[in-house]
Each structure stands twice: as structure tokens, then as C-alpha cells.
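Grab a pencil and work through these exercises with the viewer open. Try each task yourself before you read the solution.

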Amino acid sequence: QQAPRRLVTVSKDDPDALVKGTYGISVVPSAFNGQEEGPVRSVSYLLHVTARAMRMVMEGAPADDSVKANTFRRYRFATPQWNQTVVFSLTVRSGDADLFVGFDPSLTNKKGFEFSSTLYGSDVVFLAASDATRRAHCNETTVDENFECEFFVAVWGFKPSSFSLSVETRGGGAVGLQLGVPRE
């Protein structure tokens, strides 16, 4: 016997729908199939989102995925922390994938990206809080108006690849170093 199906639909005409912002969805196990006692050992679910053809990546929750050669996967990261450094890390398990980051939701490896790393193997894009390009798209005004800053990521499969994409925010900005001057 299967668990009951639940369908949640949020239309743009719904007065409670978010105009700007992010929805969070949680899948929590509960007793079903007549099981009243004891722990639920597993929960199966299918989540289908039709609002955008991209996945969301969240800080502290790496996205494990794969990509075919000459195709890409797109992701969205949103944060209200406009004054934090953001680090996108692509750990390639097999193949060769490249990392592209920007502020255009339609970004690909050919257009719409501001930052990229195309080294063989794993890649990192470090966006300092003080970076002028980043500040033009993610600043205090952006957060006041939209409640968050949006970053869009494309992972391009130079070769068929499996990977993990993670994001981290850090306080402060980049530390300036000078040649021959020790830093304490």
C-alpha cells in the first residue's frame, strides 16, 4: 500500500504567493499505512517544480549531480547576506566539468556569466564581498528591495561528469597581501 500523495500548487494569482523570495519545502516522515507505532524507516518522495528549469543549491547542503558532455546543469543560490564573501566549489568525482557563476538566470557557459573556473578537475569561484561586479548586483539596496541576492550557476560538462556543488558564505572581505611584507 502506498502513502497518500500530496499536491501543493502555488499559482501567481494566489494572494499568499511570494512575489519575491524563496519557498522552502520540507519532507518529514510520519506514520502511514496503518503504522501507528515505531519509527518510520524511510520516506520516498518526488518533488517536481515547474517554476524554473534549475535546481536550488543551499549553503551547507551540497548538490550531488551529473552532467553529460556538452550540456549543463543550472542552479540558483539565494542569500540575504549582501556583505558576505560567497565561495562556490565544484568537486568533480569523474570526468571534467566547468563552473560558471553570474546574475542572469539564463546563464550558460557561453553567455550571462560574470565569473568562471574552467580548470581540469575541480573548480572554485570566490566572490569577495568587496568585488565591484558582485556589488553591482548584490548590495544592501538589492536585499532591501528583493529580500535576497540571487546567484546563478551553470555546471558545464566538458566531458560526462559526476560532481558535487557546494556554496559557503564567509564574513569579511579579501585580505590584501604585499610581496615581502609579513602578515600577522
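**Exercise 1.** How many disulfides does the structure hold? Find the residues that form the bond, and work out its handedness.

*Solution.* Keep in mind that this is a predicted model.

Step 1: Count. The structure holds 1 disulfide. As a reminder, a disulfide is a covalent bond between the sulfur atoms of two cysteines.

Step 2: Find the partners. They are Cys138 and Cys149, with sulfur atoms 2.2 Å apart. That fits the cut-off of 2.5 Å for a disulfide.

Step 3: Look at the torsion. About the S-S bond of Cys138 and Cys149 it is about 90°, so this disulfide is right-handed.

Step 4: See what gets connected. Cys138 sits in the loop between α1 (132–137) and α2 (140–146), while Cys149 belongs to strand β8 (residues 149–157), so the bond ties together parts 11 residues apart in sequence.

Step 5: Check the surroundings. Cys138 and Cys149 are both buried.

**Exercise 2.** Write down the strand order of the open sheet of 4 strands, then say which strands stand at its edges.

*Solution.* A quick refresher: strands of a sheet pair through backbone hydrogen bonds, either parallel or antiparallel.

Step 1: Walk across the sheet. You should get β2-β9-β4-β7, and the pairing is antiparallel.

Step 2: Spot the edges. β2 (63–67) and β7 (123–127) each have a single partner strand, so one side of each has no neighbour in the sheet.

Step 3: Check the twist. From one strand to the next, it averages 20°.

Step 4: Zoom in on a pair. Strand β4 (residues 85–94) and strand β9 (residues 161–170) are antiparallel and share 9 bridges. Thr91 stands opposite Ser164 in β9.

**Exercise 3.** Do the same for the open sheet of 5 strands.

*Solution.* Step 1: The order reads β1-β3-β8-β5-β6, with mixed pairing.

Step 2: At the edges you find β1 (55–56) and β6 (115–117), each pairing on one side only.

Step 3: Strand β5 (residues 97–102) runs antiparallel to β6, joined by 3 bridges. The bridge partner of Val101 in β6 is Phe115.

**Exercise 4.** Is Ala154 buried or exposed? Describe what lies around Ala154.

*Solution.* Step 1: Place the residue. Ala154 is in strand β8.

Step 2: Use accessibility. Ala154 has a relative accessibility of 1%, so the residue counts as buried; the cut-off is under 20%.

Step 3: List contacts. Leaving aside neighbours within four places in sequence, Ala154 touches several residues, including Phe72, Arg74, Asp98, Phe100 and Leu107.

Step 4: Compare sequence with space. Ala154 and Ser106 are 48 residues apart in sequence, and their C-alpha atoms are 9.1 Å apart.

Methods: Residues are numbered from 1 along each chain as its sequence is written. This is a predicted model: local features need pLDDT of at least 70, side-chain atom pairs count only at pLDDT 80 or more; totals for chains, interfaces and linings use all residues. Side-chain values use heavy atoms; hydrogens and water are left out. Helices (H or I, at least four residues) and strands (E, at least two) are DSSP runs, numbered from the N terminus. Buried means under 20% relative accessible area, exposed over 50%, partly exposed in between (1.4 Å probe, protein chains only). Two strands pair if DSSP finds at least two bridges between them. Axes are lines fitted to C-alpha atoms, for helices over the stretch in contact, and angles run from 0 to 180 degrees between N-to-C directions. Contact means heavy atoms within 4.5 Å.
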